[in-house]
Amino acid sequence: RTVSLEKVSTYFDSFLNAATVDTITAAVGDLLTCAHEAQVFSDEEYPFQSIRKLKGLPWKAANVWKLLDAQLSKDDHAKRDLKGMRVVVVGAGPVGLRTALELRLAGATVRVLEKRNRFVRINRLHLWDWVKTDLVSWGAKVFSPPSSSFGADKDYIHIGISELQYLLLKNCLLLGVSVDLGTEYTGASFTNGSWCVTTSPKVLEHGVNGIGADAIICCDGAASRVAHAFGCPCVAAGLGKDGKAIGVVANFVNARSKDERNLRQFSWARQFNAPLFNDIKTKYKADLENVVYYSSEATHYMIFTPTKQSLLETGCVRKADVPTLLGADNVDMAQLTDLAKNIACHFNIPPNFTPSQSVSIFDFSETKRHERAIVLAEDPECSEEHPPLVVCFCGDALLEPFWPEGLGIVRGFLSALDCVSSLQVWAQTKDSEAVGRHSDACYKILKSVAGQTREMTLKPAAEWRLDPATRYKGFK
């Protein structure tokens, strides 16, 4: 692409407000090309440090540089303990990108692999206060999305999944994280004295097929293919009974009419508003345990948890005695859509479904988790000069959340910090037992983190740093 140094402000504004992967990567590419043409680019610094030298940047650029400078100046990473470590992160979901940022701050060379080409998920994530604060420190009120209104309603803090991915992706690119979209992890092997990650399509590094790696971070979800490949099976957790906990998600177009702007967000549980739930059951035969409504600039997001019996009675689920209760052939999507529409109308939410991801149903009765957060992959040829490959699990790939408690993103971000902290121990000691003890101590407490246990398991959020002792009570 041909660029003009006179359009630096336009390129930066485009980057700041980009809401697709293509526009983000194109805009940062234009800025870096400008830095080359202006002869201010240097491989010895972070990309944003070269971009900031350009003339003609808009005033908002200073806000971004201030935030990134603050991240780099944290005591957590003053020594850049992971400098020289090559890390491959598998999965560019929110936890994968957040992990990549923490790794980069610690000095690692980071490459993110994501099999999808785009970020398209519009469902919204409930955020704990600490996550909100963390995202603000990464520019959530500067970049758009999510925009300066992020977190304005202190009672209902949330963000769209793709909005969060865009925010974190922008920071990754400014800090020099390589992000390969449309690139799927296919394996890892010890070849010619080094660990190498292979992909589809093939990625060439220094003319050789594959990516050199000292560590792999699995952030590819609950059904992690990477974890399976390394012989790390999941164990069942949760309620352990099919259909015991079912969620229905519905997304509606927000036309920003006066009535829609006046809608109030809510989160209700049956035990706190029995008359409301009884009314819904009487009118629609829907026996609900919870119902949540969040609004955003583009959508109305609703999620509710019906009982298995009420889904059978309303015809949304056809049969109870089938191997997969919510299999495609056992769910009547027309009936389920009608149910979602009725409940939306009950709360005066216009039932104009989004073109995609309009209605979905999932069973979170049985969640999965791994027994350990870190393993060392050995190879017969490994030695002190060529140590084992460190394999870490983060987010849902480590510990699948129980939805009603809103734990997914906070435990995911905490697991990212635990992962980087464990890698620091490994970088400093190369002691497999020491890093195992450190990781296990983190994970033991992380598994117990929940809304009802936060005071017993977690220290005040204002104290949280990379060091697990600043975050977890009883960490040893």
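Okay, so two strands pair here if DSSP finds at least two bridges between them, and strands (E, at least two residues) and helices (H or I, at least four) are DSSP runs numbered from the N terminus. This is a predicted model, where local features need pLDDT of at least 70, side-chain atom pairs count only at pLDDT 80 or more, and totals for chains, interfaces and linings use all residues. Residues are numbered from 1 along each chain as its sequence is written, and side-chain values use heavy atoms, with hydrogens and water left out.

Right, the sheet. It's an open one with 5 strands, ordered S14-S15-S16-S13-S17, with antiparallel pairing. S14 (266-269) and S17 (359-363) sit at the edges with a single partner strand each, so one side of each has no neighbour in the sheet. From one strand to the next, the twist averages 10° (angles run from 0 to 180 degrees between N-to-C directions, and axes are lines fitted to C-alpha atoms, for helices over the stretch in contact).

Now look at S13 (246-253) and S16 (299-306): they run antiparallel, joined by 6 bridges, and Ala250 stands opposite Met302 in S16. Helix H12 (333-346) packs on the sheet and touches S13, S15, S16 and S17, with contact meaning heavy atoms within 4.5 Å. The direction of H12 makes about 110° with that of S16.

Last bit: H13 (408-429) and H14 (432-446). They pack at about 165°, axes 9 Å apart, and are therefore roughly antiparallel (over 145 degrees). Among the residues in this contact are Trp426 of H13 and His438 of H14.

Terms used: Angles under 35 degrees count as roughly parallel, over 145 as roughly antiparallel, 65 to 115 as roughly perpendicular and the rest as oblique.
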